[in-house]
Amino acid sequence: MFNQAALQKGEADQTAAAVHAREHSKQQDMDPDEWLLCGICGNRIARTADRVAVEGQHEHRHVNPEGIAFHIGCFAGAPGGSPVGEESSYFSWFRGYSWRVLLCTACGLHLGWLFVSSGHQFHGLILSRMVQEQGNISH
Ligand SMILES: [Zn+2]
């Protein structure tokens, strides 16, 4: 005969992971020195304050000749990116602009493109390859 005691102990929930709830600190959208960081190495790429609108909007979605879609944001400056290679007008997404590839100065990740026309330039940065800097990192 089976006579198992079916004692139900009120077991505490001991899943260690479940206890670890982390709260995000409030982000201050007004901080002019908020940066977008390289998603790989954390290098400071561009200030959010340097966002600009090109052809009427800041964000653009384009497809390159290989069929890869990119979601980019336009920035007046990108101190953490360095343009490499030849200037090209091939398949340029912006009328009148040619482009150069823009790499992270620290790790070489392809971050986007520098778009250049006569008298004007801007940086088109791939938004998914960057992360927003948290406001209260202090080292
Ligand atoms: Zn990097």
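Mentor: Let's start with a term. A strand here is a DSSP run of E with at least two residues, and strands are numbered from the N terminus. Please keep in mind that this is a predicted model.

Trainee: Thanks! What makes Phe-75 part of a strand, and which one?

Mentor: Phe-75 sits in β4, which covers residues 69-75. A run from 69 to 75 passes the minimum of two residues, so β4 counts as a strand. The protein has nine strands and one helix, in the order α-β-β-β-β-β-β-β-β-β along the sequence.

Trainee: How do you know whether Phe-75 is buried or exposed?

Mentor: Count the C-beta neighbours: Phe-75 has 23 inside 10 Å. The cut-off for buried is 20 or more, so with 23 Phe-75 is called buried. Across the 139 residues of the protein, 19% count as buried.

Trainee: Which residues is Phe-75 in contact with, leaving aside neighbours within four places in sequence?

Mentor: Phe-75 contacts Ala-46, Asp-50, Arg-51, Val-52, Phe-122, His-123 and Leu-125. A contact needs C-beta atoms within 7 Å. Ala-46 has its own list of partners, including Trp-35, Leu-36, Phe-75, Ala-78, His-123 and Leu-125.

Trainee: What share of the contacts between residues at least 6 apart join residues at least 24 apart?

Mentor: That share is 50%.

Trainee: What makes a group of residues a nonpolar core, and which residues have the most contacts inside the largest one?

Mentor: The members must be buried, of nonpolar types such as Ala, Leu, Ile and Phe, and joined through C-beta atoms within 7 Å. The largest core has 20 residues, and those with the most contacts inside it are Ile-45, Ala-46, Phe-75, Ala-78, Leu-111, Phe-115 and Leu-125. Two or more residues each come from β1 (35-38), β2 (44-47), β4, β6 (98-104), β7 (110-117) and β8 (120-126). β7 gives the largest share, four residues.

Trainee: Now the sheet. Why are β3 and β5 said to stand at the edges?

Mentor: The six strands of this open sheet follow the order β3-β4-β8-β7-β6-β5, with antiparallel pairing. β3 and β5 (81-88) each have a single partner strand, so one side of each lacks a neighbour in the sheet. On average, neighbouring strands are turned by 30 degrees against each other, direction ignored.

Trainee: How do you know that β3 and β4 pair?

Mentor: Pairing takes at least two bridges. β3 (residues 59-63) and β4 have five, in the antiparallel sense, so they qualify. As an example, Arg-61 has His-71 in β4 as its bridge partner. The two strands form a hairpin with five residues between them, and Gly-67 in the turn has a positive phi of about 90 degrees.

Trainee: And how many bridges join β7 to β8?

Mentor: Six bridges join these antiparallel strands, and six meets the minimum of two, so they are paired too. Val-116 has Gln-121 in β8 as its bridge partner.

Trainee: Which strands does β1 pair with?

Mentor: β1 pairs with β2 in the antiparallel sense over three bridges, and Leu-37 is matched with Arg-44 in β2. Within that hairpin, Gly-42 takes a positive phi near 85 degrees. β1 also pairs antiparallel with β9 (residues 130-132) over three bridges, where Cys-38 stands opposite Met-130.

Trainee: Why is Glu-55 called exposed?

Mentor: Exposed means 12 or fewer other C-beta atoms within 10 Å. Glu-55 has 9, so it fits. Glu-55 lies in the loop between β2 and β3, and its phi is near 50 degrees, a positive value in a residue other than glycine.

Trainee: Is Phe-91 buried or exposed, and what makes it that?

Mentor: Phe-91 has 11 other C-beta atoms within 10 Å, so it is exposed by the limit of 12. Phe-91 is in the loop between β5 and β6, with a positive phi near 55 degrees.

Trainee: Last one: where is the pLDDT below 50?

Mentor: The mean pLDDT is 82, and 73% of residues reach 70 or more. Over residues 1-29, however, the pLDDT is below 50, and this stretch has six contacts beyond near neighbours in sequence. Where pLDDT is low, the predicted coordinates should not be read in detail.

Conventions: Residues are numbered from 1 along each chain as its sequence is written. This is a predicted model: local features need pLDDT of at least 70, side-chain atom pairs count only at pLDDT 80 or more; totals for chains, interfaces and linings use all residues. Two residues are in contact if their C-beta atoms, placed from the backbone, lie within 7 Å. pLDDT is the predictor's confidence in each residue, from 0 to 100. Axes are lines fitted to C-alpha atoms, for helices over the stretch in contact, and angles run from 0 to 180 degrees between N-to-C directions.
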